[in-house]
Amino acid sequence: MTKEKFGKECKICARPFTVFRWCPGVRMRFKKTEVCQTCSKMKNVCQTCLLDLEYGLPIQVRDTGLSVKDEVPRSDVNKEYYTQNMEREIANSDGTRPVGLLGKAPSSGDMLLKLARTTPYYKRNRPHICSFWVKGECKRGEECPYRHEKPTDPDDPLADQNIKDRYYGINDPVADKLLKRASTMPRLDVPEDKSITTLYIGGLGENVTDSELRNHFYQFGEIRTITIVQRQQCAFIQFATRQAAETAAEKSFNKLIINGRRLNVKWGRSQAARGKEKDGVTESGIRLEPVPGLPGALPPPPVSDEDASTNYFNLAPTSSPAVMNLGLPPPPGVAMPPPPGFGPPMFHTMDPMSPSMPPPMAMRPPGQVHYPSQDPQRMGAHASRGGP
């Protein structure tokens with residue numbers, strides 16, 4: 001690292017300051033401070049990359065998340081006067097906290113915690129692209145300290161960055177990209193029904209218990225009931241007040257981790273909204289399409305007996321309705337004629353040696369049962385074996 005006292009002028013206030021220059025690692029480009037300490041302390045940013053020291057985000061993103069509008073004057077006279085007042089305020093402080101409007105801002109924001117970078121970002125230390133390699137004239141080969149890569153698209157907004165716009169928090173393409181990402185992040189909207197005080201907790205797994213959920217949510221307010229549905233691996237937590245439920249939803253949405261599992265937090269539904277549909281339209285206004293292949297709805301019942309119809313299955317009317325001739329069984333004691341083809345023959349054979357046909361069942365004496373194997377005239381039968 002090299003130190004050069006009053007080596008260059010600050011790119012914001014144009015005053016000379018002490019410049020530090022160093023190499024962050026092997027095959028990395030040399031880096032140096034770009035703004036003075038006073039300008040960096042006024043915005044609580046790094047002197048080299050101009051990113052916030054607490055979240056690692058651009059100034060425009062940080063000010064938007066904290067709802068801070070700190071307008072630094074840009075004219076030479078006003079800038080000098082503003083800088084002198086800020087230097088006096090910095091000298092009277094302990095130097096560990098930001099000054100000005102930023103020092104009075106809230107300590108953290110939900111959006112900033114989601115966008116904050118938690119791991120080091122070493123790509124900003126890479127060397128620049130070799131311009132000779134782009135033109136096909138680099139003769140150093142592997143010994144070239146610059147990158148041999150295809151340059152980025154010149155029409156890309158990230159390729160056109162201005163250090164002053166980044167410091168003042170205006171027209172910063174990196175900040176615009178992060179703010180668009182924040183707008184597409186999932187969020188939990190508060191329901192309009194004030195009677196809803198229940199939160200749905202999904203993705204519990206098999207090891208999360210009632211006491212673990214209570215240990216996390218009791219800090220937000222009084223808990224009325226905790227119901228765990230082990231089959232669905234979810235739970236319903238009902239608070240005593242609506243304010244406690246809103247605080248718990250805000251502090252736990254997309255940030256609740258128990259036993260190494262990130263749990264899903266949503267608002268419960270009111271009793272009136274559960275399954276409430278009318279004419280295929282839900283309470284939220286979403287029209288449900290009919291399922292193909294299912295039969296249509298039955299016709300409404302007739303108002304009077306005269307309008308009653310037997311067409312209960314919506315069958316199409318026909319000119320000649322089908323009539324089925326169903327025979328009724330005979331009364332008791334009356335013999336039923338056999339079906340065609342199963343009765344005795346209607347003619348007598350002329351052969352005297354042919355066996356006689358047994359009498360019909362209706363003409364037999366009561367109690368006598370005829371078996372073909374007991375017929376005495378059957379071939380191989382004996383008279384002694386006859387009889388029942």
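Relative accessible area is used here to class residues, with buried meaning under 20%, exposed over 50% and partly exposed in between, for a 1.4 Å probe and protein chains only. The structure is a predicted model, in which local features need pLDDT of at least 70 and side-chain atom pairs count only at pLDDT 80 or more, whereas totals for chains, interfaces and linings use all residues. Residues are numbered from 1 along each chain as its sequence is written, and side-chain values use heavy atoms, with hydrogens and water left out.

By these classes, Gln-233 counts as partly exposed because its relative accessibility is 30%. Gln-233 is located in the loop between strand 5 and strand 6, helices (H or I, at least four residues) and strands (E, at least two) being DSSP runs numbered from the N terminus. Although not a glycine, Gln-233 has a positive phi of about 55°. Most residues other than glycine have a negative phi. A positive phi of about 55° is also found at Ser-67, likewise not a glycine, in the loop between helix 2 and helix 3 (76-92). Ser-67 counts as exposed because its relative accessibility is 68%.

Strands 5 and 6 belong to an open sheet of 4 strands, which has the order 5-6-4-9 and antiparallel pairing, where two strands pair if DSSP finds at least two bridges between them. The edge strands, each pairing on one side only, are strand 5 (223-229) and strand 9 (264-267). From one strand to the next, the twist averages 20°, with angles running from 0 to 180 degrees between N-to-C directions and axes being lines fitted to C-alpha atoms, for helices over the stretch in contact. Strand 4 (residues 198-202) runs antiparallel to strand 9 and is joined to it by 4 bridges; in one of these strands, strand 9, Asn-264 is the bridge partner of Gly-202.

Helix 8 (residues 210-217) packs on the sheet, touching strand 4, strand 5 and strand 6 (234-239), and its direction makes about 140° with that of strand 5; contact means heavy atoms within 4.5 Å. Helix 9 (residues 242-252) also packs on the sheet, touching strand 4, strand 6 and strand 9, with its direction at about 145° to that of strand 9.

Helix 2 (residues 59-66) and helix 7 (residues 173-183) pack at an angle of about 40°, with their axes 8 Å apart. Helix 2 and helix 7 are therefore oblique to each other, since angles under 35 degrees count as roughly parallel, over 145 as roughly antiparallel, 65 to 115 as roughly perpendicular and the rest as oblique. Gln-60, Val-61 and Thr-64 in helix 2 meet Ala-175, Asp-176, Leu-178 and Leu-179 in helix 7.
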